[in-house]
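Open the model in a viewer with the sequence panel beside it. The tour goes from one selection to the next and says what is found at each stop.

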Amino acid sequence: MISRRHIRLKVIQSLYAFRSQKEVDVSKGKKDMLSHIEDISELQLVVLALLLLLLKHAEEFFEENKRKYLPSKEDINPNTKFVDNEFVKLLYKDKRLINKLNNISFFWQDNDHDIVRKIFMNILKHDLYKKYLNQNNNIEKDIIFFNNILNDIILNNEILHHILEERSIYWIDDLPFVATILMSGFKDRRVVLPKSVFKNKTDKDFAISLFDLTIRNDQEYEDIIVKKAKNWDLERIAIMDQILIKMAFCEILNMPELPIKVSLNEYIEISKYYSTNKSKMFINGLLDSAITDFKDENKIIKTGRGLM
């Protein structure tokens, strides 16, 4: 399930798309945003389906090697620890999950990239694989190995990124989050597939309100930016920077349950990844100045102690 940080990132993406497409239907924009957020569940299944295909390909690979015209001793008696270990057995126990993964495996097969074979060969040549084969059988070590290859080999593959981007331009940004969820589940010896990516209705309402109110108060927030950005024309301020600032204004002025410091720190942190170093300093300075004015003008209403 996604965190508030990830919700903010999804709202940023949706607001950027809304503005870039010169969209005017806010309801449609909200619907598209929620659809993109829920797509994270599909991405989780897609990544797991690839892992399942890699296991199946490995089994076929070992069997084909046995049928070589002149098989080596290693071909005849391969080390099948990659497919025959406690973690894989645990994975296959969940029949409902396996059925879901089988139904979505076409995602990786309906193209000419030969992605499963290429990634498997990368794993086969990697030091992580060679080291793993020489370890004692232990489910904790199995889990560490599969987490490592997922993070270092599978999800770092450029062809994989290309295939994912063809399905959704947002999935590359979502990939690290999905990897964290999967690896955390593996450590707990389970695979979590929640009905919704939102933790609760409050988080979903937060996403909708943040998107909706940022758009509805766009002109007001734009006027504040112009006033505070001395010697800067609005055209010179990057669209992404404008969106981050407006979203911060939205939280500070319209969400009484959120502490000012939390909102300020979140958008400063996000700006490190979505803006330049100069932009980060600009956003920080403008928000600090605007918050001072908001307080002086009694525009900020927060419920609860320590939220100001």
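Is glutamate 42 buried, partly exposed or exposed? Select glutamate 42: its relative accessible area is 25%, so it falls between the 20% and 50% limits and is partly exposed. Keep in mind throughout that this is a predicted model.

**Stop 1: a bridge between two helices**

Add arginine 167 to the selection. Glutamate 42 and arginine 167 form a salt bridge, and their closest N and O atoms are 2.6 Å apart. Glutamate 42 belongs to helix 2 (residues 26-66) and arginine 167 to helix 10 (residues 158-167), so the salt bridge ties together parts that are 125 residues apart in sequence. Arginine 167 is partly exposed, with a relative accessibility of 33%.

**Stop 2: the whole protein**

Clear the selection and show the protein as a cartoon. There are 16 helices and zero strands. The C-alpha trace spans about 80 × 40 × 35 Å along its principal axes. Of the 308 residues, 47% are buried. Switch to a surface: the accessible area is about 16,800 Å², and carbon and sulfur atoms account for 50% of it.

For a contact map, take the contacts between residues at least 6 apart in sequence; 81% of them join residues at least 24 apart. Colouring by charge picks out 48 positive and 46 negative charges, whose mean positions lie 4 Å apart.

**Stop 3: salt bridges inside a helix**

How many salt bridges does the structure hold? The total is 22, and two more of them can be inspected next.

Select lysine 201 and aspartate 205. Their side chains meet in a salt bridge with an N to O distance of 2.8 Å. Both residues are in helix 12 (residues 201-216), four residues apart, so about one helical turn separates them. Lysine 201 is exposed at 61% relative accessible area, while aspartate 205 is partly exposed at 32%.

Move to glutamate 269 and lysine 272. This salt bridge has an N to O distance of 3.1 Å. The two residues are three apart in helix 15 (residues 260-274), about one turn of that helix. Glutamate 269 is partly exposed, with a relative accessible area of 23%, and lysine 272 is partly exposed as well, at 44%. Then select Arg5, Arg8, Glu251 and Glu266, which are joined into one network by salt bridges that share partners.

**Stop 4: a lysine under cover**

Select lysine 10, in helix 1 (residues 4-20). Lysine 10 has a relative accessible area of 1%, which means that it is buried. What does the side chain of lysine 10 make a polar contact with? The partner is the side chain of aspartate 174, at 2.9 Å. Expand the selection to the residues in contact with lysine 10, leaving out neighbours within four places in sequence: these are Met33, His36, Ile37, Ile40, Tyr170 and Asp174.

**Stop 5: positive phi**

Next come two backbone angles. Most residues other than glycine have a negative phi. Arginine 189 has a positive phi, near 60°. Look for arginine 189 in the loop between helix 11 (171-187) and helix 12. Arginine 189 is partly exposed, with 40% relative accessibility.

Go on to asparagine 298, where phi is also positive, near 55°. Where is asparagine 298? This residue lies in the segment after helix 16 (277-296). With a relative accessible area of 65%, asparagine 298 is exposed.

**Stop 6: a long distance**

Finish with valine 262, back in helix 15. Its relative accessible area is 38%, and valine 262 is therefore partly exposed. Select tyrosine 92 too and draw a distance between the two C-alpha atoms: the separation is 42 Å, for residues 170 apart along the chain.

Key:
Residues are numbered from 1 along each chain as its sequence is written. This is a predicted model: local features need pLDDT of at least 70, side-chain atom pairs count only at pLDDT 80 or more; totals for chains, interfaces and linings use all residues. Side-chain values use heavy atoms; hydrogens and water are left out. Buried means under 20% relative accessible area, exposed over 50%, partly exposed in between (1.4 Å probe, protein chains only). Contact means heavy atoms within 4.5 Å. Accessible areas come from the Shrake-Rupley method with a 1.4 Å probe; for residues, only the protein chains shown count as cover. Lys and Arg count as positive and Asp and Glu as negative; His and the chain ends are not counted. The place of a charge is taken as NZ of Lys, CZ of Arg, CG of Asp or CD of Glu. A salt bridge is a side-chain nitrogen of Lys or Arg within 4 Å of a carboxyl oxygen of Asp or Glu. A polar contact is a pair of N or O atoms within 3.5 Å; within protein, one must be able to donate a hydrogen and the other to accept it, and residues adjacent in sequence count only if both atoms are side-chain atoms.
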